[in-house]
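Here is an informal walk through one protein model, written for someone who likes cut-offs spelled out. Have a look at the sequence and the fold, then read on.

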Amino acid sequence: MRTASDAVGQESSATHRAYLALRRMIVVGELQPGEKLKIDRLRTLLDTGASPVREALSLLTSDLLVERLDQRGFRAAETSRENFVEILTLRCELEEMALRQSIANADEAWEDALVLSHHKMVREGRGDLEAFEERHKAFHMALLSNCHSPILMKFCSQLYDLNIRYRYLAGKALDYQKRDVSTEHAAILEAAVDHDADLASERLLNHYRQTGAFLNGLFSNPGSQDV
């Protein structure tokens with residue numbers, strides 16, 4: 001016999017699935033910036049009820065990936081040069097803080113987890129972009145994970161997702177062939193496990209700012225209106 005608690009659990013699970021699916025679609029650009037998010041269309045697309053979709057969209061407003069329109073529903077968050085610059089600035093400031101705290105708290109378990117996350121990222125390669133980006137985020141979060149500050153980690157994770165959305169929107173225009181990003185990652189790892197907070201921070205921020213400078217330049221590119 002189905003109980004009330006079973007129904008609540010199933011609804012919560014449906015909301016979580018809808019949240020993850022919609023979050024992914026917005027981050028990778030399947031749902032474009034400013035696109036109206038109609039409940040009926042999304043419930044059909046996700047094969048779920050209207051309530052889980054509506055609740056998922058409300059959760060995504062907290063992630064700044066969805067905007068609520070007064071009396072008019074929801075839309076995927078807009079993008080702009082100003083928004084990108086703000087995200088990059090906050091990301092650099094907060095991640096440097098978290099990285100320095102992680103290194104100050106360095107222990108063998110953190111170092112082992114960091115080295116493993118880097119190995120998994122390298123092994124994944126870029127053949128499957130979404131799979132690689134999942135490993136990429138895991139490596140960057142592993143760098144910060146020893147900061148002992150859950151709130152700071154939440155903000156860093158949220159800013160990572162907001163930033164990576166711009167990378168997906170840039171698409172193939174983001175030419176990593178001009179940079180040796182693998183060497184940049186390895187250099188950040190080396191400084192972190194050597195407990196050199198100044199060098200690790202310098203390398204991490206330079207890593208972000210190089211990508212940031214490239215993405216920022218796309219706003220003036222006539223072929224990049226979606227970014």
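## Loops, sheet, helices and core

At 70% relative accessibility, Asp47 counts as exposed, where exposed means over 50% relative accessible area, buried under 20%, and partly exposed in between (1.4 Å probe, protein chains only). Before going further, the ground rules: this is a predicted model, where local features need pLDDT of at least 70, side-chain atom pairs count only at pLDDT 80 or more, and totals for chains, interfaces and linings use all residues. Residues are numbered from 1 along each chain as its sequence is written, and side-chain values use heavy atoms, with hydrogens and water left out.

Back to Asp47, which sits in the loop between α2 (39–46) and α3. Its phi is positive, near 55°, and it is a residue other than glycine. Most residues other than glycine have a negative phi. His148 is another non-glycine with a positive phi, about 60°. You'll find His148 in the loop between α6 (129–144) and α7, and its relative accessibility of 59% makes it count as exposed. Here are further residues with positive phi.

| Residue | Place | Phi |
|---|---|---|
| Leu64 | just after α3 | about 65° |
| Gln71 | turn of the β2 and β3 hairpin | about 60° |
| His195 | following α8 | near 65° |

Now the overall layout. The protein chain has 9 helices and 3 strands; these are DSSP runs numbered from the N terminus, with helices being H or I over at least four residues and strands E over at least two. Reading from the N terminus, the order is α-β-α-α-β-β-α-α-α-α-α-α. Of the 227 residues in the protein chain, 43% are buried. As for contacts (heavy atoms within 4.5 Å), take those between residues at least 6 apart in sequence: 71% of them join residues at least 24 apart.

The strands make an open sheet in the order β1-β3-β2, with antiparallel pairing. In that sheet β1 (36–37) and β2 are the edge strands, each with a single partner, so one side of each has no neighbour in the sheet. Two strands pair here if DSSP finds at least two bridges between them. β2 (residues 66–69) and β3 (residues 73–76) are joined antiparallel over 4 bridges, and the hairpin they form has 3 residues between the strands. Across that pairing, Val66 faces Ala76 of β3, while Arg68 is opposite Phe74. On the β1 side, 2 bridges link β1 to β3, again antiparallel, and Leu37 has Phe74 in β3 as its bridge partner. β3 has Phe74 and Ala76 on its covered face, with Gly73 and Arg75 on the uncovered one. In a regular strand the side chains alternate between the two faces of the sheet.

What about the helix geometry? The expected span of a helix is 1.5 Å times one less than its number of residues. Helix α3 (residues 50–62) has 13 residues, which should span 18 Å, and its end C-alpha atoms are 19 Å apart, so the two agree. Its buried residues are Pro52, Val53, Ala56, Leu57, Leu60 and Thr61.

Helix α8 (residues 181–193) also gets an expected 18 Å for its 13 residues, and with its end C-alpha atoms 19 Å apart, that agrees too. The buried residues in α8 are Val181, Glu184, His185, Ile188, Leu189, Ala191 and Ala192. Looking down the axis of α8, the buried residues fall within an arc of 165°, so they line one face of the helix; the arc is that of the directions from the helix axis to the C-beta atoms.

Which residues have the most contacts inside the largest nonpolar core? They are Leu22, Leu37, Leu57, Leu114, Leu143 and Leu144, in a core of 57 residues. Helix α7 (residues 150–170) gives the most to this core, with 10 residues. Domain 1 (12–76) and domain 2 (81–221) both give residues to the core, so it lies between them; the domain bounds come from an automatic or database domain assignment. A nonpolar core here is a set of buried Ala, Val, Leu, Ile, Met, Phe, Trp, Tyr and Cys residues joined through side-chain atoms within 4.5 Å.

Leaving out residues up to four places away in sequence, Leu143 touches Leu99, Ser102, Trp110, Leu114, Ile188, Ala192 and Leu204. Finally there's Ser117, found in helix α5 (residues 108–124). Ser117 is buried, at 11% relative accessible area. With residues up to four places away in sequence not counted, Ser117 touches Ala138, Phe139 and Ala142.
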